[in-house]
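Here is a friendly walk through a single chain, from its overall build down to a few individual residues. Have the sequence and the 3D view at hand as you read.

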Amino acid sequence: MPPPPIRDDEKLAAELAAEAGRVLLDLRAKQGFGDPKRLKAAGDREAHEYLMRSLAAHRPDDAVLSEEGVDDARRLDASRVWIVDPLDGTREFSEEGRTDWAVHVALWELGELTAGAVAMPARNTVLTSADPPRPVDAEGEDPAAGERPLRLAVSRTRPPELTGALAASLGAELVPMGSAGVKIGSVLLGEADAYVHGGGQYEWDSAAPVAVARAAGVQASRLDGSPLLYNRKGAWLPDLVVCRASCKDRVLPAIQEALTHPTKES
């Protein structure tokens, strides 16, 4: 007999992200790292197929937008759309010893993200909107913040030019890492102070981690401060910023200054 359906959307998002992560860990162990290209392709495919099967079983009436699937325009008229990235940080997944890759599962309903989970399988961690991490500065300024530079999470392979200019103006330290989910997670877990991205992304890159960030009460918006909108035509979402409350008043004005008066570096 198949297992009973999971009624709670946040619980379902967390369980599907975690189980897709286990699929990926098993694949890594079975296939090894001798052929990274083959491992990447298998990871994308197997995690996608698992999520599509599971969502069809648990939420057969809902639409799905997946990085690895065909974009069905009917989702634009749907009231509920699951936005998933079966393997975020494919490059890191294919490199032995790296843990900065993730699985993203989010639910969009009538204009809002209502559930989200980010599994970081190699770290045995699942961040969920149902029980988001408590921000480091939830009860006031981080006592160590004044003793170190701001830490900006940034892509280890394709850092946007904006972050270099921003780091210079803020005297910030760049902290390279893989998956966008891991970068946003690093802000929620106190490992970075902000994640600023201006190099172009798709909705599946950020929907789940942004759902968790919003549940945690952390700043998450477009670079110009406008809302992050999902389930849009084309699924293109060019930029975002996620940052801790204690540094928001420094980071957001610095972003606007960099955008309004770009230097040669930005």
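Of the 266 residues in the chain, 51% are buried, where buried means under 20% relative accessible area, exposed means over 50%, and partly exposed lies in between (1.4 Å probe, protein chains only). Before going further, please keep in mind that this is a predicted model, in which local features need pLDDT of at least 70 and side-chain atom pairs count only at pLDDT 80 or more, while totals for chains, interfaces and linings use all residues. Residues are numbered from 1 along each chain as its sequence is written, and side-chain values use heavy atoms, with hydrogens and water left out.

**The chain as a whole**

The chain holds seven helices and 10 strands; these are DSSP runs numbered from the N terminus, with helices (H or I) of at least four residues and strands (E) of at least two. The radius of gyration is 18 Å, close to the 18 Å that the globule rule gives for 266 residues, so the chain is as compact as a globular protein of that length. That radius is taken over C-alpha atoms, and the rule is 2.2 Å times the number of residues to the power 0.38. Along the principal axes, the C-alpha atoms fill a box of roughly 60 × 45 × 35 Å. Among contacts (heavy atoms within 4.5 Å) between residues at least 6 apart in sequence, 65% join residues at least 24 apart.

**An open sheet and its helices**

In what order do the five strands of the open sheet run? The order is E7-E6-E8-E10-E9, with mixed pairing; two strands pair if DSSP finds at least two bridges between them. Strands E7 (173-177) and E9 (219-221) are at the edges with a single partner strand each, so one side of each has no neighbour in the sheet. From one strand to the next, the twist averages 20°. E9 pairs with E10 (residues 240-243) in the antiparallel sense over three bridges, and Val-242 in E10 is the bridge partner of Ala-220.

Helix H4 (residues 161-170) packs on this sheet, touching E6 (151-155), E7 and E8 (194-197), and its direction makes about 165° with that of E6. Helix H7 (residues 245-260) lies across E8, E9 and E10, running at about 150° to E10. For these angles, axes are lines fitted to C-alpha atoms, for helices over the stretch in contact, and values run from 0 to 180 degrees between N-to-C directions.

**Four residues to look up**

| Residue | Location | Relative accessibility |
|---|---|---|
| Ser-221 | strand E9 | 4%, buried |
| Asn-231 | loop between E9 and E10 | 6%, buried |
| Asp-9 | helix H1 (residues 9-31) | 17%, buried |
| Leu-110 | loop between E3 (102-109) and E4 (112-120) | 71%, exposed |

Leu-110 has a positive phi of about 50° although it is not a glycine. Asn-231, also a residue other than glycine, has a positive phi near 55°.

Not counting residues up to four places away in sequence, Ser-221 touches Ser-226, Leu-228, Leu-240 and Val-241. Its side chain makes a polar contact with that of Gln-219 at 2.9 Å. A polar contact is a pair of N or O atoms within 3.5 Å; within protein, one must be able to donate a hydrogen and the other to accept it, and residues adjacent in sequence count only if both atoms are side-chain atoms.

Which side chain makes a polar contact with that of Asp-9? The partner is Arg-80, at 3.1 Å. Leaving aside neighbours within four places in sequence, Asp-9 is in contact with residues including Arg-59, Trp-82 and Glu-109.
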